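This briefing is for a reader who has not met the structure before. Please look over the sequence and the model first; the notes that follow are grouped by topic.

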Amino acid sequence: MRKAWDKIRTQIEARLPAHSARSILLGVAVWALATLISAAQGQAFAAYRGRPQDWWSTLGYTAAIFSVWAVLAPAIMAAADRLFASRLNKVQQAAIAVFGYLFATALHVALFVVVFWPVYGSGLPNPSAMVWPVVLANLDKAAFAYTALIIAVLIRRHLRQRPGAAEAAPERPESEGLWVRVGAGSRLVRFHEIDWIAAAGDYAEVHAGGRSLLMDRSLAALTDELPADFARIHRGAIVRLDRICEIRSLGRGDASVVLQGGHTLRLSRRYRDNLASVLAR
């Protein structure tokens, strides 16, 4: 077992950056542990009720349940991260998180039925007849899986915001671009690819080539670190100067900045001088 695990780890690390490989290996370990604990719990309850179950059948079904949650995990965690980085208050965030649980559970059940109908649907007339039994049988597992993902996001955010966390990060060639999160890993977005950057609470949202990518830095922290090709035009936005195609006056010193592609941002009077070179054209 140990040799097989070492072989898998070696293959993953050979194909992915170290930080991505560690994230995947940690996810696999957590998935395996959750599957074993949940299967053992199911065995214990079944024995207590006088209806003992076959261990391997229980383990297989539990692994199938958590494998679907593993597929959904990156999307759920990314959505939760964006939610907690938003400007919504705590009550609003909690309400959306609860609604997210209902949505994620429904999506999980639908995906499980589609994928595992040939395995667990025998004796039922059609896949829809499998939905309700799956919901009732997995309410506890759904609550556990969703809550664990939300807690993981909150812990990760807390660790990233600790004093000194930035200093502990490995050195990266920041002069070439910005490192942003992509799934469980990160990638370097070159400065020439970036169109504009928006504030997203304690984070920054990098817009590049039609994509929106989250970065673990605030807009204020980036202002003095970006090259001269960028300028802050509002308390919530920084633009790359060569992406500006038009500036429309709104009166009283305010204006709208139109970027290539048609996206429009607000230019406030406070930052008007930052676009002096563009206004002088």
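Does F112 count as buried or exposed, and what is its relative accessibility? F112 counts as buried, because its relative accessibility is 0%, below the 20% under which a residue is called buried. The model is predicted, and the points below cover its aromatic pairs, its largest cavity and several strands.

**Aromatic rings**

- A search of the whole structure turns up eight aromatic pairs.
- Y61 and Y120 make an edge-to-face pair, because their planes stand at 90° with the ring centres 5.1 Å apart; planes over 60 degrees apart count as edge-to-face.
- Y61 belongs to helix α3 (residues 55-85) and Y120 to helix α4, so this pair ties together parts that are 59 residues apart in sequence.
- Y61 has a relative accessibility of 21% and therefore counts as partly exposed.
- Y120 is also partly exposed, its relative accessible area being 29%.
- Y120 forms an aromatic pair with F112 as well, and this one is stacked, with 6.1 Å from centre to centre and 15° between the planes.
- Ring pairs join Y61, F112, F116 and Y120 into a cluster.

**The largest cavity**

- The structure contains one cavity of 30 Å³ or more.
- The volume of the largest cavity is about 40 Å³.
- Its lining is made up of T105, H108, V109, V134, V135, N138, L139 and A142.
- Three elements give two or more residues to this lining, namely α4 (90-120), α5 (128-137) and α6 (139-161).
- Of these, α4 gives the most, with three residues.
- By residue type, the lining of the largest cavity has five nonpolar residues, three polar ones and no charged ones.

**Strands β6 and β7**

- Strand β6 (residues 230-234) is mostly covered, with four of its five residues buried.
- β6 runs antiparallel to strand β7 (residues 237-240), and four bridges join the two.
- The connection from β6 to β7 is a hairpin through two residues.
- Within this pairing, R232 stands opposite I238 in β7.

**S256 in strand β9**

- S256 is located in strand β9 (residues 254-259).
- The relative accessible area of S256 is 15%, so S256 is buried.
- Apart from neighbours within four places in sequence, S256 is in contact with E246, I247, R248, L250, T264 and L265.

**S212 in strand β5**

- S212 sits in strand β5 (residues 211-215).
- With a relative accessible area of 36%, S212 is partly exposed.
- S212 touches R82, E205, V206 and H207 when residues up to four places away in sequence are not counted.
- The C-alpha atoms of S212 and I197 are separated by 9.1 Å, and the two residues are 15 residues apart along the chain.

**Points to take away**

- Which element links the ring cluster topic to the cavity topic? Helix α4 holds Y120 of the edge-to-face pair, and α4 also gives three residues to the lining of the largest cavity.
- The two serines described above fall into separate classes: S256 is buried, whereas S212 is partly exposed.

Notes: Residues are numbered from 1 along each chain as its sequence is written. This is a predicted model: local features need pLDDT of at least 70, side-chain atom pairs count only at pLDDT 80 or more; totals for chains, interfaces and linings use all residues. Side-chain values use heavy atoms; hydrogens and water are left out. On a 1 Å grid over the protein atoms alone, a cavity is a set of points where a 1.4 Å probe fits but cannot get out, and a pocket is an open set with protein on both sides within 12 Å along at least five of seven lines; lining residues have an atom within 4 Å of a point. Grid points are joined across faces, edges and corners, and a volume is the space filled by probe spheres set on the points. Ala, Val, Leu, Ile, Met, Phe, Trp, Tyr, Cys and Pro count as nonpolar, Asp, Glu, Lys and Arg as charged, and the others, Gly among them, as polar. Rings of Phe, Tyr and Trp (its six-membered ring) pair if their centres lie within 6.5 Å; planes under 30 degrees apart count as stacked, over 60 as edge-to-face and the rest as tilted. Buried means under 20% relative accessible area, exposed over 50%, partly exposed in between (1.4 Å probe, protein chains only). Contact means heavy atoms within 4.5 Å. Two strands pair if DSSP finds at least two bridges between them.
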